[in-house]
Amino acid sequence: VRISQLVINRLVRCLGHSFVSNKQAEQAPFSDLDLLEAAIKIRDEHLVPTLPDNCPDYLKELCRRCWDPDPNKRPTAAELVAFLSEYLDESESSDN
């Protein structure tokens, strides 16, 4: 299964914004916490980075699923490919 560069670029932009910058490219996620405090909040409170408003809904949903506190509820690699392929088909259709 081929995942288009368009879908990969959208995912990278969305996640990149979230992980590289959290406050309009001014601040890294959790920069108000020290490393240990952030790790504890991630583990105990399921703290996750905020996704930007312009992140497509399907990528927000993908992130939420990947960040589920229960590892058994997170998508498998095959499910990720299927999920992204569905949007690949839609984005290629809309490009034509």
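Which residues make up the largest nonpolar core? The legends below take up that question and then turn to other views of this predicted model.

**View 1. The largest nonpolar core.** Seven residues form this core: Cys55, Tyr58, Leu59, Leu62, Phe83, Leu84 and Tyr87. Two elements each give two or more residues to the core, namely helix 3 and helix 4, the latter covering residues 77-95. As useful background, nonpolar side chains in soluble globular proteins tend to be buried together.

**View 2. Lysine 60 and its charge partner.** Stay with helix 3, which covers residues 57-66, and you will find lysine 60 there. Is this lysine 60 buried or exposed? Lysine 60 is buried, and yet has no salt bridge. The nearest side chain of opposite charge belongs to aspartate 57, 4.5 Å away. A salt bridge would need a side-chain nitrogen within 4 Å of a carboxyl oxygen, so this pair does not count as one.

**View 3. The neighbours of lysine 60.** Leaving aside residues up to four places away in sequence, lysine 60 touches Leu51, Pro52, Asp53 and Cys55. One of these, Cys55, may look familiar, as it also belongs to the largest nonpolar core.

**View 4. The whole chain, for orientation.** Four helices and zero strands are found here, giving the pattern α-α-α-α along the sequence. Of the 96 residues in the chain, 27% are buried. The chain exposes about 6700 Å², and carbon and sulfur atoms supply 53% of that area. Take the contacts between residues at least 6 apart in sequence: 50% of them join residues at least 24 apart.

Key: Residues are numbered from 1 along each chain as its sequence is written. This is a predicted model: local features need pLDDT of at least 70, side-chain atom pairs count only at pLDDT 80 or more; totals for chains, interfaces and linings use all residues. Side-chain values use heavy atoms; hydrogens and water are left out. Buried means under 20% relative accessible area, exposed over 50%, partly exposed in between (1.4 Å probe, protein chains only). Lys and Arg count as positive and Asp and Glu as negative; His and the chain ends are not counted. Contact means heavy atoms within 4.5 Å. Accessible areas come from the Shrake-Rupley method with a 1.4 Å probe; for residues, only the protein chains shown count as cover. A nonpolar core is a set of buried Ala, Val, Leu, Ile, Met, Phe, Trp, Tyr and Cys residues joined through side-chain atoms within 4.5 Å.
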